[in-house]
Amino acid sequence: MTRLERPAVVLIAALLILTSVTISTVRFHDRNYFRDEINTVHAGVMLNAAETTQWIAEGGIHPAGWRILGVYWVKLVGVTEGATRWLSALCAMLALALVYRLGADLFDRRTGLAALFLLGTAPFFIFYMHEFRPYSLLTLASAGLLLSFLRWVRRPTFARALLFLAFGVTS
């Protein structure tokens, strides 16, 4: 790949990520919370750390990492749908970037762009990437787990093993 192609590929990847997030944001504009989202927002407003731990232990249908992140995100940004759902959008953007990097590491940058395009334009991903639910974080953790494992196998270091372990615990 020439020196001029590299910035173009990065620009295309960034535009694909932003387009995907923009489409999901438009689809969720002025949409009310779903029941799961209401539970997480309510916990973010009402529960302290000990109560959050107890709540997670009693109703463990979602990953604990998501619940903790969601509760403290609500404490940070407030209870409006637009603000809380940006956590999922941020996780989705990072997941798309990791999918691009995974494709580029396994094959080449064009393959990374193709993987990014396929995931970023999938209606299922576009719809669920903006809900205040764990789907985007699980996609991020899965892509991060695969990428960190690939890099750890290719060049084993303790830091890469820890990164692989962190993504594994998150997912």
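In this predicted model, 37% of the protein's 171 residues count as buried. The fold is built from helices: there are nine of them and zero strands, so to speak a plain run of α-α-α-α-α-α-α-α-α when read along the sequence. The C-alpha trace spans about 55 × 40 × 25 Å along its principal axes. Contacts often reach across the chain, too. Taking the contacts between residues at least 6 apart in sequence, 70% join residues at least 24 apart.

What sits inside? In soluble globular proteins, nonpolar side chains tend to be buried together. Here, the largest nonpolar core has 18 residues, and the members that touch the most others are Leu87, Leu98, Phe132 and Leu140. Two or more residues of this core come from each of helix H4 (64-77), helix H5 (81-106) and helix H8 (135-154). H5 is the top contributor, with six residues. A second core lies apart from this one; it holds 13 residues, including Ala92, Tyr100, Leu113 and Leu116.

Phe132, one of the best-connected core members, makes a good place to look around. Once its neighbours within four places in sequence are set aside, Phe132 is in contact with Glu37, Thr40, Val41, Trp66, Gly70, Trp73, Val74, Thr84, Arg85, Leu87 and Ser88. The last residue in that list, Ser88, belongs to helix H5. Is Ser88 buried or exposed? Ser88 counts as buried because its relative accessibility is 0%, and the cut-off for buried is under 20%. Leaving out residues up to four places away in sequence, Ser88 touches Trp66, Met129, His130, Glu131, Phe132, Arg133 and Ser136. Asn32 sits 56 residues from Ser88 in sequence, and their C-alpha atoms are 15 Å apart in space.

Helix H5 also packs against helix H6 (109-120). The two helices meet at an angle of about 145°, their axes are 7 Å apart, and the crossing is right-handed. On the H5 side, the residues involved are Leu96, Val99, Tyr100, Gly103 and Ala104; their partners in H6 are Arg109, Thr111, Gly112, Leu113, Ala115, Leu116, Leu119 and Gly120. By type, the residues of this contact come out as eight nonpolar, four polar and one charged. Tyr100, Leu113 and Leu116 turn up here as well as in the 13-residue core.

Next comes helix H1, which covers residues 5-27 and has 23 residues. From its first C-alpha to its last, H1 reaches 33 Å, close to the 33 Å expected at 1.5 Å a residue. Which residues of H1 are buried? They are Val9, Ala13, Ile17, Ser20, Val21 and Ser24. The cover over these buried residues includes H5, H6 and helix H7 (123-128).

Finally, there is a glycine in a loop. Gly59 is found between helix H3 (49-58) and H4. Gly59 counts as partly exposed because its relative accessibility is 34%, which falls between the 20% and 50% cut-offs. Ala159 is 100 residues from Gly59 along the chain, and the C-alpha atoms of the two are separated by 34 Å.

Key. Residues are numbered from 1 along each chain as its sequence is written. This is a predicted model: local features need pLDDT of at least 70, side-chain atom pairs count only at pLDDT 80 or more; totals for chains, interfaces and linings use all residues. Side-chain values use heavy atoms; hydrogens and water are left out. A nonpolar core is a set of buried Ala, Val, Leu, Ile, Met, Phe, Trp, Tyr and Cys residues joined through side-chain atoms within 4.5 Å. Buried means under 20% relative accessible area, exposed over 50%, partly exposed in between (1.4 Å probe, protein chains only). Helices (H or I, at least four residues) and strands (E, at least two) are DSSP runs, numbered from the N terminus. Contact means heavy atoms within 4.5 Å. The expected span of a helix is 1.5 Å times one less than its number of residues. Axes are lines fitted to C-alpha atoms, for helices over the stretch in contact, and angles run from 0 to 180 degrees between N-to-C directions. A crossing is left-handed if the near helix is turned anticlockwise from the far one by less than a right angle, and right-handed if clockwise. Ala, Val, Leu, Ile, Met, Phe, Trp, Tyr, Cys and Pro count as nonpolar, Asp, Glu, Lys and Arg as charged, and the others, Gly among them, as polar.
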